[in-house]
Amino acid sequence: MALISHQIALNDESFLVKPCKPSTLVTEFPEVDLSDPQAKTLIVKACQHFGSFKLVNHGVPQELVTNLQNEALKFFMQPQFQKQKACPPDPYGYGSKRIGSNNDVGWLEYFLLNTNLDVISPKSLLLLEQNSENFRSAVNNYTVRVKNLCCEVLKQMAEGLGIEAKNVFSKLISSERSDCCLRVNHYPICSKVEEVKTLNEGNLIGFGEHTDPQIISIIRANNTAGLEICLQDGTWVSISLDHASYFVIVGDLLQVMTNGRFKSVKHRVLANLCSSRLSIIYFGGPSLDENIAPLPSLVSKEEESLYKKLTWQEYKNAAYKSRLSENRFRLFEKYASLA
Ligand SMILES: C=C1C[C@]23C[C@@]1(O)CC[C@H]2[C@@]12CC[C@H](O)[C@@](C)(C(=O)O1)[C@H]2[C@@H]3C(=O)O
Ligand SMILES: O=C(O)CCC(=O)C(=O)O
Ligand SMILES: [Fe+2]
């Protein structure tokens, strides 16, 4: 199905980001084959250096992805008044151009649902109910499989880190009350290409720089470029993602639980001026009352625990009050208030 070209007015100056450091294409970006016996070692290495990696041979059937993409496109093609029945996002629901509740904007529209039926929010239910049975089953079938994938990847991380209880991370996601969500982002083509080129050296922010607050995020996108990650030296690299691979991102909670061994990576999406982009992201979060702190087995005698304990609810509340690009780690840092 062809992607849609939307007309969104380019009159909001906050889209026009300051020229950012140019991005480079890293050809040797880590790619992990989940069926490779070395996968756990490669995953740990990638999470330490890049806070992310590409994942192939993951076992999620292409059909589930294609169904969800098609249903999502049907949703986005509806008239605005129909989509806006699930607006404004709270954070769940349908959103357009505004991200979160703190004046962040981006060249996109999206829907966000929490997927666990035990804790599903009213807006997520509304979104499911206002759409067809095909939409609901595409969402359900996909989330069941991607959640399993999340757990598999988290088990490999635990094994790779030499942790005895290999379900130490995955049990947080598989719990009945886990706080996981599914987001579908649609970045339309910007029809005013010339205007953007002149005003902003060709850069139009789709989704501004941020880290993901949860444990892990798993991204699937159509073939369109736009996703970038920030390397440790502050340079941005463009991630070329084909339609069959996943991109896995370490979230803030995983950085805390690994006592900083894994890096929660800053990433952003630049809108593509030639073709629209559709991405599907599954965010794996623990139950709201889960205490998050560095795992004792990862804090060696010589080291100290870098972060204090917070529940996911405490961290989530604070994170959702912050701007997209804010450094939310201060909340976890033990010595921040002494500085
Ligand atoms: C500006 C914001 C949007 C966000 C909540 C926040 O206040 C800061 C974190 C943002 C983020 C990034 C990852 C996910 O896309 C998201 C759903 C999340 O959990 O944290 C978004 C939030 C959002 O879109 O509401
Ligand atoms: O759309 C994408 O590829 C990534 C968006 C993102 O980082 C997010 O939704 O948190
Ligand atoms: Fe993100």
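Which residue has a backbone N or O atom 3.2 Å from an oxygen atom of ligand 1? That residue is Ala319. The model is predicted, and every distance here is computed from it.

Ligand 1 is a good place to start. It is surrounded by 18 residues. The closest are Arg183, Gln214, Ala319, Tyr320 and Ser322. Ala319 makes its polar contact through the backbone. Ser322 also uses a polar backbone atom, which sits 2.8 Å from an oxygen atom of the ligand. Tyr320 works through its side chain: an N or O atom there is 2.4 Å from an oxygen atom of ligand 1.

Now take the largest pocket. Its volume is about 650 Å³. The lining holds 36 residues. Nearest the centre lie Ile99, Arg183, Phe207, Tyr320 and Leu324. Arg183 and Tyr320 are also among the residues closest to ligand 1. The lining divides into 18 nonpolar, 10 polar and eight charged residues. Several elements each supply at least two lining residues. The strands are β5 (104-114), β6 (181-187), β7 (205-210), β12 (267-270) and β13 (277-284). The helix is α9 (312-319).

Next comes the metal. Which protein atoms are the donors of the iron ion (ligand 3)? They are NE2 of His210, OD of Asp212 and NE2 of His267, lying 2.1 to 2.2 Å from the ion. Along the chain the donors follow the spacing H-x1-D-x54-H. The two histidines link distant parts of the chain: His210 is in strand β7, His267 is in strand β12, and 57 residues separate them. Are these histidines buried or exposed? His210 counts as buried because its relative accessibility is 8%, under the 20% cut-off. His267 counts as buried too, at 4%.

Two of the iron donors also touch ligand 2. A polar side-chain atom of His267 lies 3.0 Å from an oxygen atom of ligand 2. For Asp212, a polar side-chain atom is 3.4 Å from an oxygen atom of that ligand. Tyr187 adds a side-chain contact, with an N or O atom 2.6 Å from an oxygen atom of ligand 2. In total, 13 residues surround ligand 2. Asn185, Tyr187, His267, Arg277 and Ser279 are the closest.

The backbone deserves a look as well. Most residues other than glycine have a negative phi, and most peptide bonds are trans. Where does this chain depart from that pattern? The peptide bond from Cys87 to Pro88 is cis, with omega near -5 degrees. The bond from Asp90 to Pro91 is also cis, with omega near 15 degrees. Pro88 belongs to the loop between α3 (80-83) and β4. Pro91 lies in that loop too.

Strand β4 follows, at residues 93-99. Within it, Lys97 has a positive phi of about 70 degrees, although it is not a glycine. Lys97 counts as partly exposed, at 25% relative accessibility. Ser96 is also in β4 and is partly exposed at 23%. Ser96 and Trp107 are 11 residues apart in sequence, with their C-alpha atoms 8.1 Å apart.

Asn103 sits in the loop between β4 and β5. Its phi is positive as well, about 65 degrees, and it is not a glycine. Asn103 is exposed because its relative accessible area is 62%, over the 50% cut-off.

Conventions. Residues numbered from 1 in each chain as written. Chains lettered and ligands numbered in written order. Predicted model: local features only at pLDDT ≥ 70, side-chain atom pairs only at ≥ 80, totals over all residues. Heavy atoms only, no water. 1 Å grid on protein atoms, 1.4 Å probe; cavity = no way out; pocket = protein on both sides within 12 Å on 5 of 7 lines; lining within 4 Å. Points joined across faces, edges and corners; volume = space filled by probe spheres on them. Helix = DSSP H or I, 4+ residues; strand = E, 2+ residues; numbered from the N terminus. Nonpolar A, V, L, I, M, F, W, Y, C, P; charged D, E, K, R; others polar. Donors = N, O, S within 2.8 Å, 3.2 Å for Na, K, Ca; no water. Buried < 20%, exposed > 50% of the residue type's maximum accessible area, 1.4 Å probe, protein only. Near = heavy atom within 4 Å. Polar contact = N/O pair within 3.5 Å; in protein donor to acceptor, adjacent residues only side chain to side chain.
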